[in-house]
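Good morning, colleagues. Please have the sequence and the coordinates open while I speak.

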Amino acid sequence: MTSPQCAAAIVAQLLAQGIGDVVLAPGSRSAPLALALADAETAGRVRLHVRYDERSAGFLALGLAKGGSAPVAVVTTSGTAVGNLLPAVMEAHHSDVPLIVMSADRPAAQVGFGSNQTTDQSRLFEPFVRWSARVSSTAPAASWTAQAARACLLAAGVGSRHPGPVHLNVELAE
């Protein structure tokens, strides 16, 4: 399977779970997610909000989630870009706001060496998220949609009655 197929499956599952708004802070690593979201927006299936500053993207997603009835997703590229979402994630945690952070990442074998922006971002938001998971484009396709569905349910507080932020770290192979 390919990164574009993984991204399209994740986006489709988020929309199937009722996500209506997604905030995108684009970058090269997140291109497959951005393209899948653009296709969904063109088809009228999602309201896509593009912001080039990750911190403002995080707070826009937070505000949309506070004002709505469903979780809102915020998508960013890899490395330090992800860290700029921490203030919004912290506020979502303390305010029980359903927020889904989707960070694009390198495959796990490429994290931590070889180039800049190789931050280990899979556990970056602990202890402020209700749940986090790695989603690999090289894993079976069923795992992509299962993780996305679980993220939506946990962010919304289904079962726990404790909504809040969750983190999907999406490892996209070249």
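I shall go through the sheet, its central strand residues, and then the helices.

Please bear in mind that this is a predicted model. Let me begin with the sheet. Six strands form an open sheet in the order β2-β1-β3-β4-β6-β5, and their pairing is parallel. The edges are β2, residues 47-50, and β5, residues 131-136, each of which pairs on one side only. On average, neighbouring strands are turned by 20° against each other, direction ignored.

Next, the individual pairings. Strand β1, residues 21-25, is joined to strand β3, residues 72-76, in the parallel sense by four bridges. Within that pairing, Ala-25 is opposite Thr-76 of β3. Between β3 and β4 there are five bridges, again parallel, and Val-72 has Leu-99 in β4 as its bridge partner. On its other pairing, β4 runs parallel to β6 with six bridges.

I now turn to β4 itself. How many of the residues of β4 are buried? Seven of the seven are, so the strand is largely enclosed by the rest of the structure. Both faces are covered: one side carries Leu-99, Val-101, Ser-103 and Asp-105, the other Ile-100, Met-102 and Ala-104, and all of these are buried.

Ser-103 deserves separate attention. This residue belongs to β4, which spans residues 99-105, and its relative accessible area is 0%, so Ser-103 counts as buried. Across the pairing with β6, Ser-103 stands opposite Asn-169. The side chains of Ser-103 and Asn-169 are also joined by a polar contact of 2.7 Å. Beyond residues up to four places away in sequence, Ser-103 touches Thr-76, Val-82, Gln-121, His-167, Leu-168, Asn-169 and Val-170.

Let me move to the helices on the sheet. Helix α2, residues 31-42, lies across β1, β2, β3, β4 and β6, the last being residues 166-171, and runs at about 135° to β2. Helix α3, residues 54-67, packs on the sheet and touches β1, β2, β3 and β4, its direction making about 170° with that of β3.

Finally, a helix pair. Helix α1, residues 3-16, packs with helix α6, residues 141-156, at an angle of about 35°, and their axes are 8 Å apart. The crossing of α1 and α6 is right-handed. On the α1 side the contact involves Gln-5, Cys-6, Ala-9, Ile-10, Gln-13 and Leu-14, which meet Trp-144, Thr-145, Ala-148, Ala-149 and Cys-152 in α6. By character, the residues of this contact are eight nonpolar, three polar and no charged.

Thank you for your attention.

Note on methods:
Residues numbered from 1 in each chain as written. Predicted model: local features only at pLDDT ≥ 70, side-chain atom pairs only at ≥ 80, totals over all residues. Heavy atoms only, no water. Axes fitted to C-alpha atoms, helices over the stretch in contact; angles between N-to-C directions. Helix = DSSP H or I, 4+ residues; strand = E, 2+ residues; numbered from the N terminus. Left-handed = near helix turned anticlockwise from the far one by under 90°. Contact = heavy atoms within 4.5 Å. Nonpolar A, V, L, I, M, F, W, Y, C, P; charged D, E, K, R; others polar. Buried < 20%, exposed > 50% of the residue type's maximum accessible area, 1.4 Å probe, protein only. Polar contact = N/O pair within 3.5 Å; in protein donor to acceptor, adjacent residues only side chain to side chain. Pairing = 2+ DSSP bridges.
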